[in-house]
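Here is a walk through one protein model, taking in its sheets, its ring pairs and its charged side chains. Have a look at the fold first, then read on.

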Amino acid sequence: FITPEPLAASFVTLVNRGALEYRGEVRVLYPPAKQLIKLPEVVIPAGESLWLPVNVPLAKAQSCAACASFGNEETIVYSTAELTRVEYENGILAMEFSSPAASEIVLHLASEPVGPYLAAGKPRSFDWDVASGRVRLPIPAGTGLAHRVRVGLALTAPETSAFFADRKVLTTGEPNLIAATFSSEAAAKRSRLIAPAWLKQEIRAKSPNQVEYMLTVPPSAPHGSHVDLSLETDGAQVTHTRLQLLRPVTLKVREAVNRHAGAGFELPLDPLLIPVDQKAGRELSITVRNNAPDIRTFVLTVTGESLDFAQARTEVVVAGSSERDITVRVFADHAAPGIHAVTLRVSGGAVSETQIQLLVIPRGETVLYIDGDRTVLESQRARAVFTTDRWLEFVWKDSERNVLPDGGLPLNGARIVELSGTELTMEGAKLNWKPSKQGDIVIGVTPRDASITVYTLSRADLH
């Protein structure tokens, strides 16, 4: 992908649709120079993709914040990790990557860097080729789901420097400790933290050139938003960081139903909704995520009207920025068909309360419920979702595949009669839909008479 002038940067998009990790060399034809560029040892995990930079000018404002002082010939030649951010501040070129495995970046610079080279917070060596003006930096494998890693290279020797400790999040509703290290004791004394006014600060010296800031985030701060922090010395900004604001603990239920929004895109319901067989019940896989950097112990309790739970109270220890799964068995044989409210409450290391809904479905029957402006018919094996004028979803629940086209089908006055198992009967106008096959699902369209049509789902291996 080659961007238009004046940006003149280009990227190679690599997608691994296979079931195994791809590891190998990639050769790319760069059309502007009519040149073949070799990207050595690219690693792409199964099911993931990478956007790799090729010939990205540092001087262009779109590529790098505050890089206007770079020459037109100074570029990122290539990287075998996905480049997500570039900044130039206080003489240091900082680059952030999504790096699933150990990678490298090659830059063309006008002069030799003075160092040091820092990767993942540790000093590293780098290779400088005087003849070509190129510097080669190894990139360590990143951490977390995004494989995030940060690399910094000093191009000029700053008079004063400072670095934040490697912290990625601040938790809401509680104090957070973040440390900063300065190049000298004098610089530490002349510095100050620049932060939004709503972020409460407490400052204390840890050592002559280290300062700790206790930052308390209001509980009302939006979960998932970001905050920018910077350090100033003598009125000049020497470093900054961008941290995400997260609730101390969050819960996820894997069995929750999503609404299909077209083109393979799905949206979770709020509150979460989980179907339950009235006779057999089901297991709930509840993921407890500790968003704080320190290890914490949580107690999860599950309560709900007319429902019984095994392991209704569970204590779990979760490492910092990690998650653990808890299995809870729900019994619904005494519950009426329909939606029942359930409360998931976390205490201990943090306090949180999440409301979910369990949809109790009797064996062999269908339940009708309202979801906002949508009417939903759901059996043990299928789900049909409608608005007043459109049929939005017809879902085979074994695989949660929606067989309807994106945007659904206009009803044109047709009326829903019933859903029985995987057979949906409609009366009135015929819909513009024909029998077909999607993967292992066979879609049947059978007229019964002039006004009745039956739409069915079945597994292909049964035909």
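Is Glu353 buried or exposed? At 52% relative accessibility, Glu353 counts as exposed, since the cut-off for that label is over 50%. Keep in mind that this is a predicted model.

**Salt bridges**

Glu353 has a partner: Arg345 forms a salt bridge with it, and the closest N and O atoms are 3.7 Å apart. Arg345 itself sits at 35% relative accessibility, so it goes down as partly exposed. A search of the whole structure turns up 29 salt bridges. Here are some of them, including the pair just described.

| Salt bridge | Closest N to O distance |
|---|---|
| Glu212 and Arg204 | 3.0 Å |
| Glu353 and Arg345 | 3.7 Å |
| Arg415 and Glu427 | 2.2 Å |

Take the Glu212 and Arg204 pair from the table. Glu212 counts as buried because its relative accessibility is 11%, while Arg204, at 44%, counts as partly exposed.

Then there is the pair of Arg415 and Glu427, with 2.2 Å between the closest N and O atoms. Arg415 belongs to strand S39 and Glu427 to strand S40 (residues 423–427), so this salt bridge ties together parts that are 12 residues apart in sequence. Arg415 has a relative accessible area of 47% and is therefore partly exposed. Glu427 is partly exposed too, at 27% relative accessibility.

Charged side chains also join up beyond pairs: a network of salt bridges links Arg85, Glu87, Glu96, Arg148 and Arg150.

**The sheet around S39 to S43**

Strands S39 and S40 bring us to an open sheet of five strands, ordered S39-S40-S43-S42-S41 and paired antiparallel. Which strands stand at the edges? They are S39 (415–420) and S41 (436–438); each has a single partner strand, so one side of each is left without a neighbour in the sheet. On average, neighbouring strands here are turned by 20 degrees against each other, direction ignored.

Inside this sheet, strand S42 (residues 441–447) and strand S43 (residues 452–459) run antiparallel and are joined by seven bridges. If you want a spot to click on, Thr446 has Val454 in S43 as its bridge partner.

**Aromatic pairs**

S43 also carries one half of a ring pair. Trp391 and Tyr455 meet edge-to-face, 5.4 Å centre to centre and with 70 degrees between the planes. Trp391 lies in strand S36 (residues 390–396) and Tyr455 in strand S43, so the pair ties together parts that are 64 residues apart in sequence. Both residues, Trp391 and Tyr455, are buried. They also belong to a wider group: ring pairs link Phe386, Trp391, Phe394, Trp433 and Tyr455 into a cluster.

How many aromatic pairs are there? The count comes to seven. Among them is the pair of Phe70 and Tyr88, also edge-to-face, with 4.9 Å between the centres and 70 degrees between the planes. Phe70 is in the loop between strand S4 (49–57) and strand S5 (75–79), and Tyr88 is in strand S6, so this pair ties together parts that are 18 residues apart in sequence. Phe70 and Tyr88 are both buried.

**The sheet with S4 and S5**

S4 and S5 take part in an open sheet of six strands, with the order S1-S4-S5-S8-S12-S11 and antiparallel pairing. Its edge strands are S1 (10–15) and S11 (127–129), each of which pairs on one side only. The average turn between neighbouring strands of this sheet is 20 degrees, direction ignored. S1 and S4 pair in the antiparallel sense over six bridges, and one place to see this is Val12, whose bridge partner in S4 is Leu52.

**Glu82 and its surroundings**

Leu52 turns up again in the contacts of Glu82, a residue of strand S6 (residues 82–89). Leaving aside neighbours within four places in sequence, Glu82 is in contact with Ser49, Leu50, Trp51, Leu52, Glu96, Phe97 and Ser98. What lies 2.8 Å from a polar atom of the Glu82 side chain? The backbone nitrogen of Trp51 does. As for the long view across the model, Glu82 and Leu419 are 337 residues apart in sequence and 48 Å apart in space, C-alpha to C-alpha.

Terms used. Residues numbered from 1 in each chain as written. Predicted model: local features only at pLDDT ≥ 70, side-chain atom pairs only at ≥ 80, totals over all residues. Heavy atoms only, no water. Helix = DSSP H or I, 4+ residues; strand = E, 2+ residues; numbered from the N terminus. Contact = heavy atoms within 4.5 Å. Polar contact = N/O pair within 3.5 Å; in protein donor to acceptor, adjacent residues only side chain to side chain. Pairing = 2+ DSSP bridges. Axes fitted to C-alpha atoms, helices over the stretch in contact; angles between N-to-C directions. Phe/Tyr/Trp six-rings, centres within 6.5 Å; stacked < 30°, edge-to-face > 60°. Buried < 20%, exposed > 50% of the residue type's maximum accessible area, 1.4 Å probe, protein only. Salt bridge = Lys/Arg side-chain N within 4 Å of Asp/Glu carboxyl O.
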